[in-house]
Amino acid sequence: MLKKDIEHPQLRVETAELAPVVQRSISIVFVALYTFAFVFCFLVSAGVLRQIASISTYVPMSSQVTFIGLRLLRTLGIQTLTDGNLTFTVITGIEFAMYGLGALFIQGQKSERRNTRIFLFIWLGAIIAGSILVVTQALISHDIFVYAGYGRTIVAHGANPYFVTPAAFPLDPITHLDDWKDVTAAYGPLWLSFCSLVALIAGTSATRYVLLFRLATFAAHLINIILVAAILRISGRSSRTITLGTFLYAWNPLLLLESCLSGHNDIFMITLILFGVLLCVKGERHGFTRPLHYLPPVVAFTLAGLIKFTAFPLAALFLVLLARKTLYGTANDTIKSRKLASLQWEFAFPKVLLAGTIIGFVVVLLYGPFFIGHSVPDIIHSFMAPPSSRIPEHSILNVLIGWVGYHGMPSQTSWLHPILTLLTSYKVWRMINIMLVLSALIVSTIWLWRTPTTRTLVLAGIAVLGPLLIATTWFYPWYVTWLVGLAAVSLPTSHQRVARALFAFALVFSASARLTYLIAGQQDLVNWNVISCAATIIPPILTFLFFLCIKKMPWERISPEGDTNSIVTTT
């Protein structure tokens, strides 16, 4: 009897010690299987993309990956679906469902050791899924050949792509693949310089251009994962928040597709934006007291704008943050701080002036070699020549023009006639876009002035670029990647309605944006344009309004880790 009394407690202690080990093992197995399932979706999509893509590519391993993808389609019975775009949309929906469930799973984790293991699987999933897309035998966007055309114009023909179109060289092997061969360059000089570098290596081989641009953007995507984690870590976020933010960027299906498959330059723009945010966080910790603290961020944001112009609002917002930090420091906007600020203008104004001068210097330095010797009217015309500056595409304006063209304009006595006349005008929508951006910049400036932090700068970036993407006259899904990069480093968002609404808006937009691909190959383009446009912009708008109206989400509470700023769910 005495022996049993002694042994029984020992069994219970051993069982109690064994339970956490078993739980950890089950968790690791679950994460591993989840990663495999996520990668499996991209392997299946390789077969679907081969069927629906207008251009086939032949890079190393592409035939083998396509063969596996097609075999999986036949095994799953998916190849019997008549609409390949619909099949691709369904697979995309599954990928985003797994993406959302994965985020919820990470939110529920408390153990720092477990977050470290999840971090390893995040990297594994991003690398394998990205590698599959790099060698996928299909292209759903032809922008790689547009970039190649710019590079060939400079390197092979010694011409200026801002004033000479690729069509001027019809015998060039790349020209017939370039959809924009009849227009001048649409991107900044930094990107044209990179295109020239790729052209030096790729020569006249279309396959090399596809492979090099894909590998470059894949590398940029991996660098961005590191930057996201570094920003959140330096900002003092909890282990769970760092893991969540890294996951939301690394596994975003839109980002993976547009970087590793389509090779879009937006990923490089995001790299420079994130690098600017990282430098801004470091500078903020020193109070932006020295040029070494505030000039590197402004240079990074400016360079991002010299890839695509849409990054320049972040440079402007940074100047606001710099002015506010120099004037008031960490003080609130009270009478006392305003009196203090009156004495600080002599320090703030030179800083803002120097930063603004550096922006202008970098712009002139990179644009100068292209514009020297050309007249001002020619330079202005070079900015207005690209189709994105004068033609509507995948936008509300495009839908309205198509609808009116198909159904006709209502009679002049109808109340709809003057409204549709205005809303089918490109000039009107250009003014709408300008007013939206200016209004968003004003509101964001006030917000940044009241809460002068790098995180507010990031959220203000979403607030400016988000409305622009909703109302723009020229829209493609990969533009939404700008918002995802900013959203990933805006964490945490709990107990903050505006931040939570902007964060949710960006992620939902990244899912709905891929519905744009639904219209490819459709017969009734007018109706499909309406459906695609509505399905793209309505969900993120409703999501934003929903989270903006809810004061507190049911799962929000103080973190058991003591990090009141992290996104926490009930455990």
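Is Ala156 buried, exposed or partly exposed? In this predicted model, Ala156 turns out to be partly exposed, because its relative accessible area of 39% falls between the 20% and 50% cut-offs. Ala156 sits in the loop that runs between α5 (143–155) and α6 (189–202). Setting aside residues up to four places away in sequence, Ala156 has contacts with Gly151 and Asp172. Gly203 is 47 residues from Ala156 along the sequence, yet their C-alpha atoms are 8.3 Å apart.

Stepping back to the chain as a whole, the picture is one of helices: 21 of them, with zero strands. The chain has 571 residues, and 53% of them count as buried. Its accessible surface is about 25500 Å², with carbon and sulfur atoms making up 69% of that. Contacts are mostly long-range in sequence terms: take the pairs at least 6 residues apart, and 77% of them join residues at least 24 apart.

Helix α10 is a good place to look in detail. It covers residues 266–285, 20 residues in all, and spans 29 Å from first C-alpha to last, close to the 28 Å expected at 1.5 Å a residue. Of those 20 residues, 16 are buried, so α10 is largely enclosed by the rest of the structure. Helix α18 (residues 454–471) tells a similar story. Its 18 residues should span 26 Å at 1.5 Å a residue, and its end C-alpha atoms are 27 Å apart, which agrees. Burial covers 17 of the 18 residues of α18, leaving the helix mostly covered.

How do these two helices meet, and at what angle do α10 and α18 pack? The angle is about 150°, and the axes are 9 Å apart. That makes the two helices roughly antiparallel, because the angle is over the 145 degrees that counts as such. On the α10 side the contact is made by Val277, Cys280, Val281 and Glu284, and on the α18 side by Thr454, Leu457 and Val458. Sorted by class, that contact comes to five nonpolar residues, one polar and one charged.

A second helix pair involves α7 (residues 206–234) and α9 (residues 253–261), whose axes come within 7 Å and cross at roughly 140°. Here α7 brings Arg214, Thr217, Phe218 and His221, while α9 brings Leu255, Leu256, Ser259, Cys260 and Leu261. The class breakdown for α7 with α9 is five nonpolar, three polar and one charged.

Back at α10, the backbone does something worth a look just past the end of the helix. Gly287, just after α10, takes a positive phi of about 75°. Phe288 also has a positive phi, about 50°, although it is not a glycine. Phe288 belongs to the loop between α10 and α11 (291–305), and counts as buried at 0% relative accessibility. His394 is another non-glycine residue with a positive phi, near 50°, and is found in the loop between α14 (376–384) and α15 (396–407).

The backbone also holds a cis peptide bond, which joins Leu491 and Pro492 with omega at about 0°. Pro492 lies in the loop between α19 (481–488) and α20 (497–512). Ala499 is part of helix α20, and at 2% relative accessibility it counts as buried. Not counting residues up to four places away in sequence, Ala499 touches Arg455, Leu459 and Thr493. The C-alpha atoms of Ala499 and Leu548 are 8.7 Å apart, with their positions 49 residues apart along the chain.

The loop between α11 and α12 (312–328) holds Leu306. Which residues does Leu306 touch, not counting those up to four places away in sequence? They are Gly188, Pro189, Leu190, Trp191, Phe312, Val362, Val363, Leu366 and Tyr367. Leu306 counts as buried, at 0% relative accessibility. Its C-alpha atom is separated by 8.6 Å from that of Met269, 37 residues away along the chain.

Key:
Residues numbered from 1 in each chain as written. Predicted model: local features only at pLDDT ≥ 70, side-chain atom pairs only at ≥ 80, totals over all residues. Heavy atoms only, no water. Helix = DSSP H or I, 4+ residues; strand = E, 2+ residues; numbered from the N terminus. Expected span 1.5 Å × (residues − 1). Buried < 20%, exposed > 50% of the residue type's maximum accessible area, 1.4 Å probe, protein only. Contact = heavy atoms within 4.5 Å. Areas by Shrake-Rupley, 256 points an atom, 1.4 Å probe, with all protein chains shown as cover. Axes fitted to C-alpha atoms, helices over the stretch in contact; angles between N-to-C directions. Parallel < 35°, antiparallel > 145°, perpendicular 65-115°, else oblique. Nonpolar A, V, L, I, M, F, W, Y, C, P; charged D, E, K, R; others polar.
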